[in-house]
Protein chains: 2
Amino acid sequence: MASVSSPHTGRRPGESGTRAAILDAARREFGGVGFDRATIRAIAALAGVDPALVHHYFGTKSELFDAALQVPVSADEIVPRVLAGDPDGIGERAVRTMLALWEDEQRQTVFRAMIRSAASNEQAAAMIREIITRQIVGPIAHALAMPDAELRANLVGAQIIGLMIVRFITRLEPLASATADEVAAAVAPTIQRYLVGDITG
Amino acid sequence: MASVSSPHTGRRPGESGTRAAILDAARREFGGVGFDRATIRAIAALAGVDPALVHHYFGTKSELFDAALQVPVSADEIVPRVLAGDPDGIGERAVRTMLALWEDEQRQTVFRAMIRSAASNEQAAAMIREIITRQIVGPIAHALAMPDAELRANLVGAQIIGLMIVRFITRLEPLASATADEVAAAVAPTIQRYLVGDITG
């Protein structure tokens with residue numbers, strides 16, 4: 001995301017624009033060729049800067065990957081939004097919050113980069129695990145104080161990852177073009193059951 | 001998969017072994033680096049053959065990709081197995097059939113190659129669409145003669161892809177190590193509802 005200049009950080013004018021350009025280039029490169037094949041040199045070229053500047057701002061390729069693929073969503077924002085209100089509506093709020101977030105083209109780019117990299121790179125796989133277990137889904141599942149909270153978070157994560165792949169990567173129709181209402185009607189009961197329903201048969 | 005020599009195909013002795021070695025090398029290469037970066041030269045080297053032989057047997061890189069990533073399952077086998085029996089058990093049969101198939105290490109390799117390639121390659125994305133809509137899930141959804149069969153097939157595909165990613169790619173625990181019984185208890189009701197339940201709210 002393009003960050004605005006932040007005087008209180010002590011950054012020089014122009015620095016935030018350069019950092020944003022590098023992060024954008026990194027997301028495109030990691031998403032296009034995956035972690036292993038991506039190079040600092042190629043990312044620097046895409047951003048129109050010297051490779052040394054990329055190292056200066058972001059360190060190693062692994063550190064740049066972490067910085068670039070930070071999902072630009074705040075767990076502090078999402079978790080309370082999903083938990084607040086009628087307990088019977090938690091599945092629906094989770095699906096609608098997720099769909100609204102992923103309308104953002106840049107988040108889709110980050111997601112594609114993660115999925116592409118996760119299939120062969122342990123760091124990307126670990127990042128997906130981290131999001132599911134600690135950042136977003138895990139806190140929601142734990143807040144509900146149901147037994148098997150870890151398994152519930154895994155199941156919600158699996159459903160959401162699959163839904164996003166079908167919608168944003170394979171673009172399978174009619175699901176790719178379904179409205180938020182249609183997706184919520186179909187998928188919210190699944191999330192609801194995974195979070196608070198009977199999952200042990 | 002290593003195919004046995006088939007005298008009725010008229011292949012020379014040794015040919016089927018060579019073809020199997022090339023397909024195995026192709027799956028490893030496509031799974032490791034994705035379609036775009038994989039080369040016939042690298043695949044030939046992995047298989048210990050001349051690149052010209054790869055072209056001779058399989059044609060272009062795209063044709064080799066098709067041949068290598070054919071999921072080694074027969075729709076004619078799976079579809080009747082899922083449809084046969086108690087209609088209330090269709091979700092459970094679908095999940096158990098899928099889990100049994102994916103215990104196979106080679107199918108997991110194919111799946112990783114597909115997912116990795118699908119994030120940046122339209123051919124791989126199209127292959128996943130094809131499996132969901134035409135080969136496996138679509139025929140099951142259509143056989144049940146429910147309204148919205150296409151959307152139902154999409155939803156089942158999304159749930160299964162997500163489950164496989166969590167189990168075989170990100171290896172998220174406890175779901176990655178859950179028994180077939182545990183996974184079926186959690187996921188079968190989802191598949192059952194997507195196939196024959198109310199998905200329109």
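I take contact to mean heavy atoms within 4.5 Å. With that in hand, I looked up chain A: residues 24 or more positions apart account for 64% of its contacts with a separation of 6 or more.

A note on the ground rules. This is a predicted model, where local features need pLDDT of at least 70, side-chain atom pairs count only at pLDDT 80 or more, and totals for chains, interfaces and linings use all residues. Residues are numbered from 1 along each chain as its sequence is written, and side-chain values use heavy atoms, with hydrogens and water left out.

Next I checked the helices (DSSP runs of H or I, at least four residues) and strands (E, at least two). I found 11 helices and zero strands in chain A.

Then I asked what is buried, meaning under 20% relative accessible area with a 1.4 Å probe, protein chains only. Of the 201 residues in chain A, 52% are buried.

I went on to the largest nonpolar core (buried Ala, Val, Leu, Ile, Met, Phe, Trp, Tyr and Cys joined through side-chain atoms within 4.5 Å). It has 145 residues, and Phe30(A), Leu64(A), Phe30(B) and Leu64(B) have the most contacts inside it. Beyond its neighbours within four places in sequence, Leu64(A) touches several residues, including Ile22(A), Phe30(A) and Phe58(A).

Last, I compared the copies, superposed by least squares on C-alpha atoms of residues with pLDDT of at least 70 in both. A turn of 180 degrees and a shift of 0.0 Å along the axis lay chain A on chain B with an RMSD of 0.0 Å. That is the relation of a two-fold axis. Gly162(A) comes closest to the rotation axis of the residues of chain A, at 1.9 Å (C-alpha).

Technical notes
Chains lettered and ligands numbered in written order. Buried < 20%, exposed > 50% of the residue type's maximum accessible area, 1.4 Å probe, protein only.
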